[in-house]
Amino acid sequence: MIDCRRPETVDELLEIIDTGKYRIFAGGTDLMVRKRQWQGAERRFEEDIVFIEQIDELKGITEDKEHYHIKTCTTHRNMEKSLVLPECIKLPYRLMGNPAIRNVATVGGNIVNAAQVADSLPLLYALDGKILLKSKNRSRILTVEDFIKGKYKTDIRENEFLHEVIIPKIDITGFRYKKVGSRKASILSKFSVVFLYGMKNDKLDYIRVSIGAVNELPVRNREAEERFVENRDVKEFLTAIRKEMEGTDDKRSTKLYREEVSLRIVEEYLSEILRGDSYE
Ligand SMILES: Cc1cc2nc3c(=O)[nH]c(=O)nc-3n(C[C@H](O)[C@H](O)[C@H](O)COP(=O)(O)OP(=O)(O)OC[C@H]3O[C@@H](n4cnc5c(N)ncnc54)[C@H](O)[C@@H]3O)c2cc1C
């Protein structure tokens, strides 16, 4: 028999996960697929369950001078409709799943599930996003990049849960986002590209490029980004990114397709900047 717990507060939740091995259940949109093993999904789980979606303290988006704070049970729908967040953060959430999924799927669930195709990961890599993890006796803050260890692998500990996502505010002059799948809704990304840039005194100040769902982890190369700002060499930038691509063919598409097309999209965005096209 599986034990199911339904705490009303964060303190109750921390007590529960401190005393036993519980599977945290937020929106359940990843877990339900795994539980039933539909479509041959492999990663069955059998642990006792603690539901967290009813905990009001774990919902909401706020901002201070330097950061956006997004509580873990904030849904994709809350993200896309937020009055606090800039469009570049809202857009990827608006394109995930379908309206029914977005109403229940949570921000934290997408991160902790750590799927290769998780669409929030390339965005959070590009924004240098961090997460606050809490257990009964301590809290720790990690970058999303340090937290994700591989496909379905994270650094989360047994008595810990993801409390909130923290996104540093930066001056963004323009952004582009492209998610490519076989159709528009309810589809796993073949790949996605997050592109941000900032200008200062009419000069390019930074670019950030993150490509999701090609490798097990999003591809981002900070050194190549800095070099591009110095030398504006599109070819050199693309070569540096290509070197990091190490995906494999799978049911979504071939490795070659994902790599070639994602790089062409990056090339187009970089060329637009060099031509001085402005966009937001
Ligand atoms: C039809 C369909 C379409 C989808 N489309 C997309 C898509 O386009 N893009 C995309 O990226 N994903 C998509 N998904 C996957 C899924 O909806 C997302 O990954 C979603 O964000 C998961 O959130 P959840 O709250 O449902 O997670 P859950 O299923 O509740 O949990 C997922 C994992 O995270 C853990 N977890 C959840 N919250 C916490 C926490 N606070 N602390 C610690 N561990 C936690 C759970 O234990 C579990 O291991 C789709 C799923 C379906 C069924």
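**Notebook: ligand shell and helix 11**

Entry 1. I looked up the surroundings of the ligand and found 30 residues around it, of which I24, G27, T29, D30 and T106 come nearest; a residue is near a molecule if one of its heavy atoms lies within 4 Å of it. I note that the model is predicted, that local features need pLDDT of at least 70, that side-chain atom pairs count only at pLDDT 80 or more, and that totals for chains, interfaces and linings use all residues. Residues are numbered from 1 along each chain as its sequence is written, and side-chain values use heavy atoms, with hydrogens and water left out.

Entry 2. I then looked up polar contacts of the ligand (pairs of N or O atoms within 3.5 Å). A nitrogen atom of the ligand lies 3.0 Å from a polar side-chain atom of T72. An oxygen atom of the ligand lies 2.9 Å from a polar side-chain atom of N110. With L162 the partner is a polar backbone atom, 2.9 Å from a nitrogen atom of the ligand. The ligand taken alone exposes 990 Å², and the protein buries 89% of that (Shrake-Rupley method, 1.4 Å probe).

Entry 3. I asked which elements give two or more residues to the shell; they are strand 2 (22-25), helix 2 (31-36), helix 6 (107-113) and strand 10 (161-168). Helices (H or I, at least four residues) and strands (E, at least two) are DSSP runs, numbered from the N terminus. Helix 6 gives the largest share, four residues. By class I recorded 15 nonpolar, 10 polar and five charged residues in the shell; Asp, Glu, Lys and Arg count as charged, Ala, Val, Leu, Ile, Met, Phe, Trp, Tyr, Cys and Pro as nonpolar, and the others, Gly among them, as polar.

Entry 4. I turned to helix 11 (residues 255-275), whose 21 residues should span 30 Å at 1.5 Å a residue; the end C-alpha atoms are 30 Å apart, which agrees. The expected span is 1.5 Å times one less than the number of residues. After helix 11 comes G276, with a positive phi near 85°.

Entry 5. Among the buried residues of helix 11 I listed R258, L263, Y269 and I273. Their cover includes strand 11 (174-180), strand 12 (191-200) and helix 9 (222-231).

Entry 6. I examined S262, which lies in helix 11. S262 counts as buried because its relative accessibility is 0%, the limit being under 20% relative accessible area (1.4 Å probe, protein chains only). Its side chain reaches the backbone oxygen of E259 at 3.2 Å. Leaving aside residues up to four places away in sequence, S262 touches F191, V193, I211, V214, M245 and Y257 (contact means heavy atoms within 4.5 Å).

Conventions
A polar contact is a pair of N or O atoms within 3.5 Å; within protein, one must be able to donate a hydrogen and the other to accept it, and residues adjacent in sequence count only if both atoms are side-chain atoms. Buried means under 20% relative accessible area, exposed over 50%, partly exposed in between (1.4 Å probe, protein chains only).
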